[in-house]
Amino acid sequence: MRIKVLGSAAGGGFPQWNCSCRNCRLLREGSPHFQPRTQTQIAFSPDPDSSVWFLVGASPDLRAQINATPELAPRSEGTSPIGGVFLYSADVDSVMGLLHLREFQTFFVFTTSGVQRVLKKENRIFGVLDRADPPVQWQTLSSRGRLGCHLSESPGESPAFIANTIPLGGSYPDYVSPELVNACVPDDASIGFLLEQAGKQVFIAPSLSPHSTEWTKPAASADIVLIDSAFWSDDELIHTGRSKKTAREIGHLPLDGPGGLLEQFPANAKGRKILIHINNTNPILDQQSAEHRAVLDAGFEIAYDGMEITL
Ligand SMILES: [Zn+2]
């Protein structure tokens with residue numbers, strides 16, 4: 001399986017259009033110690049000749065990210081190699097890109113029933129996806145499920161890969177009405193994907209809440225882990241003047257401090273540990289910072305736009 005990181009920043013990207021934090025300012029000034037980043041987007045291809053690709057999330061930068069990736073260009077007969085999208089939440093940053101895919105093209109959308117209700121019931125703009133003929137096909141995932149995925153309709157063929165889902169304890173986005181939140185299953189709000197192929201596993205968790213530790217099991221077993229590292233410290237948004245809320249209050253487990261990701265990450269994890277979904281305020285983005293050095297010393301890699309990984 002080939003995996004490509006098309007974008008590695010958290011919401012807003014790096015630099016963020018309205019942010020003048022130290023990181024955004026130094027990047028704009030051309031400091032060589034920072035790399036620009038688009039909003040988190042992952043693509044993977046499960047077949048040996050990379051003719052079919054799936055997206056994990058649909059970022060606000062998706063159109064530019066597809067156009068910057070030759071593997072995702074339409075084939076000569078005019079069909080896209082993108083077969084489907086796995087959505088991990090209904091957050092704006094993980095669904096807005098669906099609107100870039102509205103050009104009369106059918107594909108599969110795999111997500112929980114809760115996320116589907118949010119997108120279809122209160123956000124009729126996503127109805128543009130129904131204009132394709134046949135329309136986009138919504139496939140329901142359980143938040144604790146195991147789905148064998150086939151690339152062809154040949155009977156008896158074994159699945160090309162298996163998508164396991166793990167609830168990550170996140171909440172539905174603020175824009176969802178309280179009535180709809182009450183009507184949806186809490187575990188459906190935010191999920192991670194443990195993809196399996198030929199005995200190997202990649203665990204993708206671009207949004208990690210502080211309210212669950214269920215992620216630690218797949219994080220320990222997977223050969224590759226791509227995991228949310230939005231913030232270094234719990235009070236990062238407060239001391240950079242970006243918000244009055246802590247990382248935990250907005251639903252993200254920070255890297256540092258008691259109970260943080262670095263402390264909770266299983267010590268016996270056997271695979272590559274890759275940090276993704278990095279907020280523009282996070283000091284690990286400064287290649288000269290002590291925090292950047294600390295995550296590398298702890299055995300983590302820092303994802304970047306264009307990063308290629310083979311499972
Ligand atoms: Zn900033």
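**Notes on the predicted model, starting from β9**

1. Let's begin with β9: seven of its seven residues are buried, so the strand is largely enclosed by the rest of the structure. Bear in mind that this is a predicted model. The side chains of β9 split into two sets, with I191, F193, L195 and Q197 pointing one way and G192, L194 and E196 the other. Both sets are buried, including the charged E196.

2. What does β9 pair with? On one side there is β8 (residues 161–167), which runs antiparallel to β9 (residues 191–197) and is joined to it by six bridges. Two of the matched pairs are A163 with L195 and T165 with F193. With β10 (residues 200–205), β9 makes five bridges, again in the antiparallel sense. Here F193 turns up once more, standing opposite I204 of β10. If you want a single residue to click on in this region, F193 has a partner in β8 and another in β10.

3. The link from β9 to β10 is a hairpin with two residues between the strands. Have a look at A198 in that turn, where phi is positive, at about 50°.

4. Now zoom out to the sheet around β9. Seven strands make up an open sheet with mixed pairing, ordered β7-β8-β9-β10-β11-β12-β13. Its edges are β7 (146–149) and β13 (300–302), each of which pairs on one side only. Between neighbouring strands the average turn is 20°, ignoring direction. Helix α9 (residues 290–297) packs on this sheet, where the helix touches β12 (272–276) and β13. The directions of α9 and β13 make an angle of about 130°.

5. There is another open sheet of seven strands, in the order β6-β5-β4-β3-β2-β1-β14, and its pairing is mixed too. The edge strands are β6 and β14 (308–310), with pairing on one side only for each. Neighbours in this sheet are also turned by 20° on average, direction ignored. At the β14 end, β1 (residues 2–7) pairs with β14 in the antiparallel sense over three bridges, and I3 stands opposite I309 there.

6. Just ahead of β9 in the chain, A189 sits in the loop between α5 (178–183) and β9. Is A189 buried or exposed? A189 counts as buried because its relative accessibility is 1%, against a cut-off of under 20%. Leaving out residues up to four places away in sequence, the contacts of A189 are Y88, S89, A90, V115, G170, S171 and Y172.

7. One of those contacts, V115, leads to helix α4 (residues 113–121). The buried residues of this helix are G114, V115, Q116, V118 and L119. They pack against α3, β5 (108–112), β6 (137–141) and α5.

8. Last, the largest pocket, which holds about 920 Å³ of space. Of the 39 residues lining this pocket, D91, D93, D174, I250 and H252 lie nearest its centre. By type, the lining divides into 13 nonpolar, 19 polar and seven charged residues. Which element supplies the largest share of the lining? That is helix α3 (residues 92–95), with three residues. Helix α3 also came up above, as one of the elements that the buried residues of α4 pack against.

Technical notes. Residues numbered from 1 in each chain as written. Predicted model: local features only at pLDDT ≥ 70, side-chain atom pairs only at ≥ 80, totals over all residues. Heavy atoms only, no water. Pairing = 2+ DSSP bridges. Helix = DSSP H or I, 4+ residues; strand = E, 2+ residues; numbered from the N terminus. Axes fitted to C-alpha atoms, helices over the stretch in contact; angles between N-to-C directions. Contact = heavy atoms within 4.5 Å. 1 Å grid on protein atoms, 1.4 Å probe; cavity = no way out; pocket = protein on both sides within 12 Å on 5 of 7 lines; lining within 4 Å. Points joined across faces, edges and corners; volume = space filled by probe spheres on them. Buried < 20%, exposed > 50% of the residue type's maximum accessible area, 1.4 Å probe, protein only.
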